Amino acid sequence: MKNEYYSRIVTLQKLLKENNIEAFFITDPFNIRYLANFTGTNGQILVTPKKCLFFTDFRYRTVAKKVLPDNIKFIEIDNNFQKTLDPLLQKNKIKTIGFEEKHLTVLRYRKLKKVFAAGGSKIKFRPVQDIIESLRERKSQEELRYIIKAQRIAEKVFLEVKNSLKQGKTEIDIAREIEQLGQKYGADGISFPAIVGFGKNSASPHHQNTNRRLKKGDIVLIDMGMKYKGYCSDMTRMIFTKKPTPIEQKIYSIVLEAQEKAIKQLKVGVKGSAADEWARKIIQHAGYGKYFGHSLGHGIGLEVHESPSLAVNYHKTLPENTVVTVEPGIYLENFFGVRIEDMVLVESNGVINLTKISKQINDCVIKLPS
């Protein structure tokens, strides 16, 4: 994949030139992984329209030299980062450095300014956002393979968990099983701590798992994802431990209709806000609008939540080969909640649904062992 990382640097350099950015200092570990395939805990990248420099310490020398593409120069640093960087800035006549305002902390920003001031460099710092994140929206074929593999692992895990549900298991038990089974089937790890909600706990969108024990009749919400080679998956399914009640069937059918309508209309060029509106209108028309309090979906890749977004205030359009979740929900506090979530690949004439677990309500009903 080294050629792919090489191309990403070239593309970024073109964008810097187009945006009149002399140099861009990159600290976000996800962006560093995207550009350089480096996953260590200490790494920074300085990119100019003509050069790309990677800085890390002695511990990562061997790893960095092995993974970096040919157009990134490795530079080993010690505790005096300014001593290493200052001559490079002067040599290249750099007076302004862009930084990732969404990632760089105020403390680190102040330290950087102090360091360069002490070294005599009159460097100005310019906040920059979403340049690399916009590149990450469009997934390469290799990235798609990793995301799909992560999802297939998640599906194996979900089915095994679903088939092994029994009375007395706790939400925490299920979450632990999900993590352990993910490792069994080849995942790097989990995309995020699984959300497992029994009964009324399913009405909390980001429920924190408890020691509540499963009993017959409980509705179960499982929101989970796996990582494969650094790329995430995300899926939510409902499980009924007895025949759904009329109200459960009603809420489930509304959520499913909202999700399917949004999926059917998604394609390249659609605004994220429009997608959210399609699903939200169905839920509002059914009288449950105030019970759908989050956005319809989000981008997914190296991070489980990344750009683009399917949200009321996201007015940008969806690019080709982006992967987004579609996850409407209705949450009736102290009663129960329903969320159905799929991952889809956005194409010019529609989407490919990457999630293969059935969401038809009859397939969500299980019989708990006595």
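This is a short tour of the chain as a whole and then of the spaces enclosed within it.

The model is predicted, so that local features need pLDDT of at least 70 and side-chain atom pairs count only at pLDDT 80 or more, while totals for chains, interfaces and linings use all residues. Residues are numbered from 1 along each chain as its sequence is written, and side-chain values use heavy atoms, with hydrogens and water left out.

Begin with the whole chain selected: its C-alpha atoms fill a box of roughly 75 × 40 × 35 Å along the principal axes. Of its 370 residues, 52% count as buried, meaning under 20% relative accessible area with a 1.4 Å probe and protein chains only.

Turn next to the enclosed space, where there are three cavities of 30 Å³ or more; a cavity is a set of points, on a 1 Å grid over the protein atoms alone, where a 1.4 Å probe fits but cannot get out, and lining residues have an atom within 4 Å of a point. A volume is the space filled by probe spheres set on the points, which are joined across faces, edges and corners.

Select Glu-100, Val-128, Gln-129, Asp-130 and Glu-133, which are the closest to the centre of the largest cavity among the 13 residues that line it. This largest cavity has a volume of about 80 Å³.

Finally, select Leu-46, Thr-48, Lys-51, Leu-53, Leu-88, Leu-89, Asn-92 and Ile-94, which line the second largest cavity, a space of about 40 Å³.

Note on methods
On a 1 Å grid over the protein atoms alone, a cavity is a set of points where a 1.4 Å probe fits but cannot get out, and a pocket is an open set with protein on both sides within 12 Å along at least five of seven lines; lining residues have an atom within 4 Å of a point. Buried means under 20% relative accessible area, exposed over 50%, partly exposed in between (1.4 Å probe, protein chains only).
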